[in-house]
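Biologist: I am new to this structure and would like to go through it slowly, one question at a time. Please show it first, and then let us begin.

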Amino acid sequence: MKILIASDMEGITGVTNWDQVTPGHSEYARFRKLMTGDVNAAIRGAYDAGADAVIVADGHWNGSNILIEELDPRARLNSGSPAPFGMMQGIDENVDGVFFIGYHARQGSPEAVLDHTWSNTCVANVWLNDVLAGEYTLNAALAGHYNVPILMISGDQVVCAQAIEQLGPLEAVVVKQATGHFSADCLPPEGSQRLIENAARGVIKKLKRGAVIKPYALKKPIKVAVELNSSDMADKAMMMPGVRREGLKLSLTAEDMPKAYSAFRALVLMSYPR
Ligand SMILES: [Zn+2]
């Protein structure tokens, strides 16, 4: 049994503001360590319950946040950016399930810590096949292409609720109760990491017992729509061939999810202000 841990940073234990997740800021070092701790808890739970292999994708910012020297030595780390599959580097048909660790709610969610979708600079909204999407939706749909289900998520109560509503009854670990974009009632790591470890152990046992957890597979072709924050961003991103524009909303159709994922990332990259 092979597990991919797709990690992000905004939903890590204790995180409530951008300084804590921004390389170069004095607070960042503490939270890299906490991110590594949340991921290690998930790795321990997975191996404890009988997983054979765990790969970790470091999906925040430049993909170089997790402290490899402190990572559980049984795991492998996909580090650095850009990687071909970004936040989901390592996904293929040989993976049996994915854990989302340190995730955050989609852009525009009330009372959610650091809610955004892919880029808080450029992106107002994203839709996949006309359904409003968060990063968990994009990443789950990519896993779904390979018939791989999302088994668990950790983050604040809002991302957990959004993921359950959209992806189905996965295991959810609320490590903080968000009270605003920059505020939350946080569990200290000893408590949150115990919950993550237990959830990981439980869901792997469930999978081993033959429980069927449905992958989030979208109907092909895939329609991707992105609403950008300003006209200059839309002017740049619409240079990509095949893109249709309605005001700030750009859309394109891709034959499958890997191509849709790549086109979405390219479109957002092109839209960045210089
Ligand atoms: Zn992030």
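**Loops, a metal site and helix packing**

Biologist: In which loop does W118 lie?

Modeller: Please keep in mind throughout that this is a predicted model. W118 has a positive phi of about 70° although it is not a glycine, and at 22% relative accessibility it counts as partly exposed. As for its place in the chain, W118 lies in the loop between β4 and β5 (123–128).

Biologist: Does W61, at its relative accessibility, count as buried or exposed?

Modeller: W61 is not a glycine, and yet it has a positive phi of about 55°, whereas most residues other than glycine have a negative phi. The place of W61 is in the loop between β2 (53–58) and β3. The cut-off for this class is over 50% relative accessible area, and W61 has a relative accessibility of 56%, so it counts as exposed.

Biologist: Which residue is joined to P221 by a cis peptide bond?

Modeller: Most peptide bonds are trans, so a cis bond deserves a careful look. P221 has its place in the loop between α4 (189–208) and β10 (222–228). The bond in question has an omega of about -5°, and the residue that it joins to P221 is K220.

Biologist: Between which strands is the loop in which P82 lies?

Modeller: P82 is also part of a cis peptide bond, the one that runs from S81 to P82, with omega near 0°. The loop that holds P82 lies between β3 (76–78) and β4 (97–103).

Biologist: Which residues are the protein donors of the zinc ion?

Modeller: Along the chain the donors follow the spacing D-x1-E-x49-H. In space they lie 2.1 to 2.6 Å from the zinc ion, through an OD atom of the aspartate, two OE entries of the glutamate and the ND1 atom of the histidine. By name, the donor residues are D8, E10 and H60.

Biologist: How many residues apart are D8 and H60, which link distant parts of the chain?

Modeller: D8 is in the loop between β1 (2–7) and α1 (28–48), while H60 is in the loop between β2 and β3. D8 is buried, with a relative accessible area of 3%, and H60, at 3% relative accessibility, counts as buried as well. Along the chain, the number of residues by which D8 and H60 are apart is 52.

Biologist: What is the site of the zinc ion, given the angles among its 4 donor atoms?

Modeller: Four donors count as tetrahedral if all angles lie between 85 and 135 degrees. The angles among the 4 donor atoms of the zinc ion run from 54 to 140°, so they do not all keep within those limits. The site of the zinc ion is accordingly described as irregular.

Biologist: Are α2 and α6 roughly parallel or antiparallel to each other?

Modeller: Helix α2 (residues 135–145) and helix α6 (residues 257–271) pack with their axes 9 Å apart, and the angle between them is about 150°. Where they meet, L138, N139, A141, L142 and H145 in α2 face M257, P258, Y261 and F264 in α6, and these residues divide into 7 nonpolar, 2 polar and no charged. Angles over 145 degrees count as roughly antiparallel, so α2 and α6 are, relative to each other, roughly antiparallel.

Biologist: How many of the 11 residues of helix α3 (residues 157–167) are buried?

Modeller: Among the buried residues of α3 are Q157, V158, C160 and L167. What covers the buried residues of α3 includes β4, β6 (131–132), α2, β7 (150–156) and β8 (171–180). Helix α3 is largely enclosed by the rest of the structure, because the number of buried residues among its 11 is 8.

Biologist: What distance separates the C-alpha atoms of V173 and M152?

Modeller: V173 lies in strand β8, and at 4% relative accessibility it counts as buried. Leaving aside neighbours within four places in sequence, the contacts of V173 include M152, I153, C160 and L195. V173 and M152 are 21 residues apart along the chain, and their C-alpha atoms are separated by 7.8 Å.

Methods. Residues are numbered from 1 along each chain as its sequence is written. This is a predicted model: local features need pLDDT of at least 70, side-chain atom pairs count only at pLDDT 80 or more; totals for chains, interfaces and linings use all residues. Side-chain values use heavy atoms; hydrogens and water are left out. Axes are lines fitted to C-alpha atoms, for helices over the stretch in contact, and angles run from 0 to 180 degrees between N-to-C directions. Helices (H or I, at least four residues) and strands (E, at least two) are DSSP runs, numbered from the N terminus. Angles under 35 degrees count as roughly parallel, over 145 as roughly antiparallel, 65 to 115 as roughly perpendicular and the rest as oblique. Contact means heavy atoms within 4.5 Å. Ala, Val, Leu, Ile, Met, Phe, Trp, Tyr, Cys and Pro count as nonpolar, Asp, Glu, Lys and Arg as charged, and the others, Gly among them, as polar. Buried means under 20% relative accessible area, exposed over 50%, partly exposed in between (1.4 Å probe, protein chains only). Donors are N, O and S atoms within 2.8 Å of the metal (3.2 Å for Na, K and Ca); water is not among the atoms, so sites may look incomplete. Four donors count as tetrahedral if all angles lie between 85 and 135 degrees; four count as square planar and six as octahedral if opposite donors are over 155 degrees apart and all others between 65 and 115; anything else is irregular.
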